[in-house]
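Biologist: I would like to learn how to read the strand pairings, the packing and the burial in a model such as this one. Could we go through them one feature at a time?

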Amino acid sequence: MLKPQMGAIVDTYPIDDSYALFLWIGTPVQIAFVQMDLGSPITWTQCDPCSNCYPMQRSPFNTKESSTFRELGCYSETCLDPRMKELLGNCTSWTCRYNVNYGKESSSFGTMVIDTLNFERSNNELKGFIMGCGDSYEGPYRAQFSGVLGLGRGPLSLQSQLNAKAFSFCLVNFGSQTASTLEFYDRAPQIDKHDNSIIMVPLRENSGYPNYYFLQFVGISINGFMLDVKSSVWGYGLNYDGGVILDIGSIATYLPSEAYNVFKLEIRKVDHNLTREQAHEDLELCYKDDSFNVYPSIALHFENGNVAGENFVSFNMNNDQMLLRVDEGTVCLSFVEGKDSNLTVIGSNQLQGTQLMIDLVKEILVFIHNKC
């Protein structure tokens with residue numbers, strides 16, 4: 001990929017099963033360590049004073065120490081934006097309050113504020129950065145993270161506030177000691193359409209899940225044979241009950257029950273050369289870890305977003321992308337049944353070692369293999 005002028009760049013780090021970065025907020029600068037999220041419509045960090053913050057390893061952002069900090073009111077342009085009604089629709093006093101939910105597991109609540117955001121690597125400054133100041137929460141949050149970096153769709157995501165035309169990031173392998181980067185572009189990079197390590201997939205929107213990037217997904221194959229799953233299960237075409245998204249905050253891939261049952265049945269037909277182990281929590285397809293194991297080949301298939309080429313493109317996974325080491329001597333295929341959702345969620349384990357670029361103008365997702 002060619003490198004056009006970049007709007008901003010920041011280092012990213014693999015932390016356990018997530019990816020995170022440092023944000024420089026306020027005047028003088030205070031540092032927050034936030035988890036990257038492709039489905040969050042806003043960036044938020046826990047702030048002091050805080051009535052019910054979850055325990056953190058770092059101090060909350062001290063609002064009183066920043067000379068550029070101010071709160072947003074209920075009647076501000078941001079709070080009245082109809083696109084943000086679901087997120088900011090509970091304004092009952094002067095301040096603009098947010099309520100952001102991450103699936104059914106966790107939520108963050110707080111006040112919408114404005115301050116200055118700096119980028120260490122590119123020496124850029126974003127004045128008037130709109131973010132959330134968290135003061136209470138529900139569900140599990142990890143102490144190493146101060147909050148969440150919002151890279152989802154919507155006017156308040158970081159790329160929208162930067163007026164970026166594209167952004168990219170690399171998901172280095174878990175456990176890697178090497179940092180990668182999150183890069184925002186003033187114009188989208190040019191893609192070598194003849195490079196076989198690159199696949200391009202069209203994106204689409206889903207009004208039921210307005211913050212997510214949905215992929216035109218065709219299906220899953222095992223040992224070269226496509227699973228017999230109806231296209232409607234994948235939300236392919238004009239089905240708006242669900243669909244397929246990426247979630248770098250989820251380590252495993254979650255399949256709707258109808259698809260998972262077919263997947264599990266087909267894996268059981270071809271895994272006889274492996275020594276099966278008991279399930280590990282939600283991971284059912286587990287095996288004794290042995291360097292001589294030969295695992296089934298698994299590929300994800302998408303509609304081709306490249307004008308010149310086949311109708312479909314394939315993402316062929318290696319063992320690191322297919323497997324999770326759950327205990328000493330035990331590995332599991334990182335596919336889980338998503339029992340309560342029509343969504344198929346492709347998790348970060350499947351994307352290790354892959355550079356992702358989202359072209360916000362052409363609505364294309366670009367996968368570049370082995371580029372981290």
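Modeller: Let us begin with a single bridge, keeping in mind that the model is predicted: C286 has C332, a residue of β24, as its bridge partner. That pair belongs to a ladder in which β20 (residues 286–288) and β24 (residues 330–333) run antiparallel and are joined by three bridges.

Biologist: In what order do the strands of the sheet that holds β20 and β24 follow one another?

Modeller: The sheet is open and has four strands, which are arranged as β19-β20-β24-β23 with antiparallel pairing. At its edges stand β19 (276–277) and β23 (323–327), each of which pairs on one side only.

Biologist: Why is one side of β16 and of β22 left without a neighbour in the sheet?

Modeller: These strands belong to an open, antiparallel sheet of four strands in the order β16-β15-β21-β22. Since β16 (225–226) and β22 (312–316) are the edge strands and each has a single partner strand, one side of each lacks a neighbour in the sheet. Further in, β15 (residues 217–222) and β21 (residues 298–303) run antiparallel and are joined by five bridges, and I222 has I298 of β21 as its bridge partner.

Biologist: Which helix lies across β15 and β21, and at what angle does it run to β15?

Modeller: That is α3 (residues 257–270), which lies across both strands and runs at about 25° to β15.

Biologist: How should I read the packing of the nonpolar residues?

Modeller: The general idea is that nonpolar side chains tend to be buried together in soluble globular proteins. Here the largest nonpolar core has 72 residues, and the members that touch the most others are L158, L182, F263 and F302. Domain 1 (9–185) and domain 2 (198–369) each supply at least three residues to this core. Leaving out residues up to four places away in sequence, L158 touches L117, F119, L126, F129, L149, G150, L151 and F184. There is also a second, separate core of 18 residues, with M56, L72, M84 and C96 among them.

Biologist: Is S146 buried or exposed?

Modeller: Burial is read from the relative accessible area, with under 20% counting as buried; S146 has 2% and is therefore buried. Its place is in the loop between β9 (124–138) and β10 (147–150).

Biologist: Which residues is S146 in contact with, apart from its neighbours within four places in sequence?

Modeller: With those neighbours set aside, S146 is in contact with A32, F33, W44, T45, Q46, Y54, M56 and R58. One of these, M56, is also a member of the second core.

Conventions:
Residues are numbered from 1 along each chain as its sequence is written. This is a predicted model: local features need pLDDT of at least 70, side-chain atom pairs count only at pLDDT 80 or more; totals for chains, interfaces and linings use all residues. Side-chain values use heavy atoms; hydrogens and water are left out. Helices (H or I, at least four residues) and strands (E, at least two) are DSSP runs, numbered from the N terminus. Buried means under 20% relative accessible area, exposed over 50%, partly exposed in between (1.4 Å probe, protein chains only). Contact means heavy atoms within 4.5 Å. Two strands pair if DSSP finds at least two bridges between them. Axes are lines fitted to C-alpha atoms, for helices over the stretch in contact, and angles run from 0 to 180 degrees between N-to-C directions. A nonpolar core is a set of buried Ala, Val, Leu, Ile, Met, Phe, Trp, Tyr and Cys residues joined through side-chain atoms within 4.5 Å. Domain bounds come from an automatic or database domain assignment.
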